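New to this one? Here is a quick tour, starting with one residue and working outwards.

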Amino acid sequence: MFGLSRPDGGRVSQKAFDRFLAERITPRFPDGLSVFAGRGQWRGPDGRIVREAARIVLIVTDARPEAVAALRAIQEAYRSRFAQNAVGLVLSQSCALF
């Protein structure tokens, strides 16, 4: 879950997100993924509820340590590039057939 609000009051543009997707996510998971527009909320450090637009990226992959490491690297890269306090990551076991 990638929030689009920046601490300076700006917003991560569609172009900037698409560039991040192309540079950081797709090379690590070239077999496919889905991107959804979302809207989320979270409690900020001051206790207030913060609402923001987000992008949700769904990646179906094997539960290999390398895949988890790649997801964590993506999470940290986004946090660093766009000055985010948090970047959500949900790992869930499921059955998927294509």
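Let's begin with Val57: setting aside neighbours within four places in sequence, Val57 is in contact with Phe2, Phe17, Ile25, Leu33, Ser34 and Val35. Keep in mind that this is a predicted model. Val57 sits in strand β3, which covers residues 49–58.

**Val57 and its surroundings**

- Is Val57 buried or exposed? Its relative accessibility is 17%, and because buried means under 20%, Val57 counts as buried.
- Take one of its contacts, Val35: the two residues are 22 apart along the chain, yet their C-alpha atoms are separated by 4.5 Å.
- Two of the residues touching Val57, Phe2 and Phe17, turn up again in the aromatic cluster described further down.

**Glu52, in that strand too**

- Glu52 also lies in strand β3.
- This charged residue has a relative accessibility of 9%, so Glu52 counts as buried.
- What does Glu52 touch, if you skip residues up to four places away in sequence? The list is Gly3, Leu4, Ser5, Arg39, Gly40, Trp42 and Gln84.
- Asn85 is 33 residues away from Glu52 in sequence, and the distance from C-alpha to C-alpha is 13 Å.

**The aromatic residues**

- There are seven aromatic pairs in the count.
- One of them joins Tyr78 and Phe82, whose ring centres are 4.7 Å apart. Their planes make an angle of 50°, and the pair is classed as tilted.
- Both partners are covered up: Tyr78 is buried with a relative accessible area of 0%, and Phe82 is buried with 5%.
- Which residues make up the aromatic cluster? Phe2, Phe17, Phe20, Tyr78 and Phe82 form it together.

**An unusual backbone spot**

- Ala83 has a positive phi of about 55°, although Ala83 is not a glycine.
- You'll find Ala83 in the segment after α2, the helix that runs over 65–81.
- Ala83 is partly exposed, with a relative accessible area of 36%.

**The overall layout**

- The protein chain has two helices and three strands, and along the sequence they come in the pattern β-α-β-β-α.
- Measured against nothing but its own principal axes, the C-alpha trace spans about 40 × 25 × 20 Å.
- How does the radius of gyration fit a compact globule? For 98 residues such a globule would come out near 13 Å, and the protein chain has 14 Å, so the two agree.
- Of the contacts with a separation of 6 or more, 54% are between residues 24 or more positions apart.

**Surface and charge**

- Out of the 98 residues in the protein chain, 28% count as buried.
- The exposed area of the protein chain is about 6900 Å², and carbon and sulfur atoms supply 52% of that.
- The protein chain carries 15 positive and 9 negative charges. The mean positions of these two sets are 6 Å apart.

Notes
Residues numbered from 1 in each chain as written. Predicted model: local features only at pLDDT ≥ 70, side-chain atom pairs only at ≥ 80, totals over all residues. Heavy atoms only, no water. Helix = DSSP H or I, 4+ residues; strand = E, 2+ residues; numbered from the N terminus. Rg over C-alpha atoms; globule rule 2.2 N^0.38 Å. Buried < 20%, exposed > 50% of the residue type's maximum accessible area, 1.4 Å probe, protein only. Contact = heavy atoms within 4.5 Å. Areas by Shrake-Rupley, 256 points an atom, 1.4 Å probe, with all protein chains shown as cover. Charge placed at Lys NZ, Arg CZ, Asp CG, Glu CD. Phe/Tyr/Trp six-rings, centres within 6.5 Å; stacked < 30°, edge-to-face > 60°.
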